[in-house]
Amino acid sequence: MPILVGSAVRFKDNGALRGVVFEFQDDGAVAGLNCLSKKLADSGCGETTHEPVENLEEVEDVWRIGSKVFLQSDGPEFYGEIFEYQDDMAVAGLKNLSEKLNNLGCGEQTHEPVENLKLLS
């Protein structure tokens, strides 16, 4: 799969270094990353960093930013759109929540463990 804005990626030379692509620079040769893994953030790069695309690969078990997912524990009527990842991509931030999910008192957004999410088809 091609790496796009919103793709969750890991470094080919160190799979513990992960982030989400938010931009491309240098004619697409360099990706800007945010939602960084703890190990990458702790390396001193702050909240964002840039890495050559040739050293990145998409994380296959993590959905892109903008993907619509639902809570497996509650069913397909409880859904939202991924806007960020936290805790080394173990938790997804959801926005544009369904009425049923919003009625649970979440407000405009909520966070949910990725293991409880499934792609809305």
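A residue counts as buried when its relative accessible area is under 20%. That cut-off applies throughout the predicted model described here. Along strand 4, the side chains alternate. T49 and E51 point to one face and are buried. H50 and P52 point to the other face and are not buried.

Strand 4 belongs to an open sheet of 5 strands. The order across the sheet is 4-3-2-1-5, and the pairing is antiparallel. Strand 4 (49-52) and strand 5 (56-58) are the edge strands, each pairing on one side only. From one strand to the next, the twist averages 50°. In general, strands of a sheet pair through backbone hydrogen bonds, in either a parallel or an antiparallel sense.

Two of the pairings can be followed in detail. Strand 3 and strand 4 pair in the antiparallel sense over 4 bridges. Here, V30 stands opposite P52 of strand 4. P52 is also one of the strand 4 residues that are not buried. On to the next pairing: strand 2 (residues 14-25) and strand 3 (residues 30-34) are joined in the antiparallel sense over 5 bridges. V20 has N34, in strand 3, as its bridge partner.

A helix packs on this sheet. Helix 1 (residues 38-45) touches strand 1 (8-11), strand 2 and strand 4. The direction of helix 1 makes about 75° with that of strand 2.

R18 lies in strand 2. Is this arginine buried or exposed? R18 has 19% relative accessibility, so it counts as buried. The cut-off for buried is under 20%. Leaving aside neighbours within four places in sequence, R18 is in contact with V9, R10, C35, L36, S37, L40, V59, D88 and M89. Among these partners, V9 and R10 fall within the span of strand 1 (8-11). L40 falls within the span of helix 1 (residues 38-45).

The cysteines were examined next. A disulfide is a covalent bond between the sulfur atoms of two cysteines. How many disulfides does a search of the whole structure find? The search finds 0. C45 is in no disulfide, and the nearest cysteine sulfur, that of C35, is 12 Å away. A disulfide requires the two sulfur atoms to be within 2.5 Å. At 25% relative accessibility, C45 counts as partly exposed. C106 is likewise in no disulfide. For C106, the nearest cysteine sulfur is again that of C35, 19 Å away. C106 counts as partly exposed because its relative accessibility is 23%.

Methods. Residues numbered from 1 in each chain as written. Predicted model: local features only at pLDDT ≥ 70, side-chain atom pairs only at ≥ 80, totals over all residues. Heavy atoms only, no water. Pairing = 2+ DSSP bridges. Helix = DSSP H or I, 4+ residues; strand = E, 2+ residues; numbered from the N terminus. Axes fitted to C-alpha atoms, helices over the stretch in contact; angles between N-to-C directions. Contact = heavy atoms within 4.5 Å. Buried < 20%, exposed > 50% of the residue type's maximum accessible area, 1.4 Å probe, protein only.
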